[in-house]
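Hi,

Here is the structure I promised to pass on. Have a look when you get a minute, and my notes are underneath.

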Amino acid sequence: MALYVKDPEVDQMAERLSRIGRISKTEAVRRALRRELDQVETPSDFVERGVAFTRALIARGDREGGQPVDKAWIDGLYEES
């Protein structure tokens with residue numbers, strides 16, 4: 001199936017990438033799309049560490065015995081000591 005790029009800027013970027021990498025435009029577009037898909041589909045180590053940290057905090061928390069978060073408590077955060 002053919003892919004026709006109507007946007008001149010996209011065509012120029014593909015041409016530039018193909019010249020720099022000494023590859024065809026098709027290969028340049030393939031690599032760019034693969035790289036973007038890999039980034040979107042694979043969660044980064046940073047995200048995984050953040051999720052693990054959040055789960056650890058939840059596991060350590062005492063949902064039943066904790067302090068209520070109400071307006072007075074929130075206002076107390078902004079009071080000067």
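So, how much space lies in the largest pocket? About 210 Å³. Keep in mind that this is a predicted model.

The lining of that pocket is made by Leu3, Val5, Asp11, Ala14, Lys25, Thr26, Val29 and Arg30. Two elements each give two or more residues to it, namely α1 (8-21) and α2 (25-41). Of these, α2 has the largest share, with 4 residues. By character, the lining splits into 4 nonpolar, 1 polar and 3 charged residues.

Next, the charged pairs. The count of salt bridges comes to 7, and here are some of them.

Lys25, one of the pocket-lining residues, pairs with Glu15, with 3.6 Å between the closest N and O atoms. This pair links distant parts of the chain: Lys25 sits in helix α2 and Glu15 in helix α1, 10 residues apart. Lys25 is partly exposed because its relative accessible area is 32%, and Glu15 falls in that class too, at 30%. Both also belong to a network of salt bridges that links Asp11, Glu15, Arg19 and Lys25. Asp11 turns up in the pocket lining as well.

Within helix α2 there is a salt bridge between Arg31 and Glu27, where the closest N and O atoms are 3.0 Å apart. These two are 4 residues apart, about one turn of the helix. Arg31 has a relative accessibility of 41%, so it counts as partly exposed; Glu27, at 22%, is also partly exposed.

Helix α4 has a pair with that spacing too: Asp75 and Lys71 lie 4 residues apart, about one turn of the helix. Their closest N and O atoms are 2.7 Å apart. Which of the two classes, exposed or partly exposed, does Lys71 fall into? Lys71 counts as exposed, because its relative accessibility is 61% and the cut-off for exposed is over 50%. Asp75 is partly exposed, at 36%.

One last item is on the surface. Val69, Trp73, Ile74, Leu77 and Tyr78 make a nonpolar patch of about 580 Å². Leu77 from this patch is found in helix α4, which covers residues 71-77. Leu77 is exposed, since its relative accessible area is 52%.

That's what I have for now. Over to you!

Cheers

Terms used:
Residues numbered from 1 in each chain as written. Predicted model: local features only at pLDDT ≥ 70, side-chain atom pairs only at ≥ 80, totals over all residues. Heavy atoms only, no water. Patch = residues over 30% accessible without salt bridge, like charges linked within 9 Å, V, L, I, M, F, W, Y side chains within 5 Å. Areas by Shrake-Rupley, 256 points an atom, 1.4 Å probe, with all protein chains shown as cover. Salt bridge = Lys/Arg side-chain N within 4 Å of Asp/Glu carboxyl O. Buried < 20%, exposed > 50% of the residue type's maximum accessible area, 1.4 Å probe, protein only. 1 Å grid on protein atoms, 1.4 Å probe; cavity = no way out; pocket = protein on both sides within 12 Å on 5 of 7 lines; lining within 4 Å. Points joined across faces, edges and corners; volume = space filled by probe spheres on them. Nonpolar A, V, L, I, M, F, W, Y, C, P; charged D, E, K, R; others polar.
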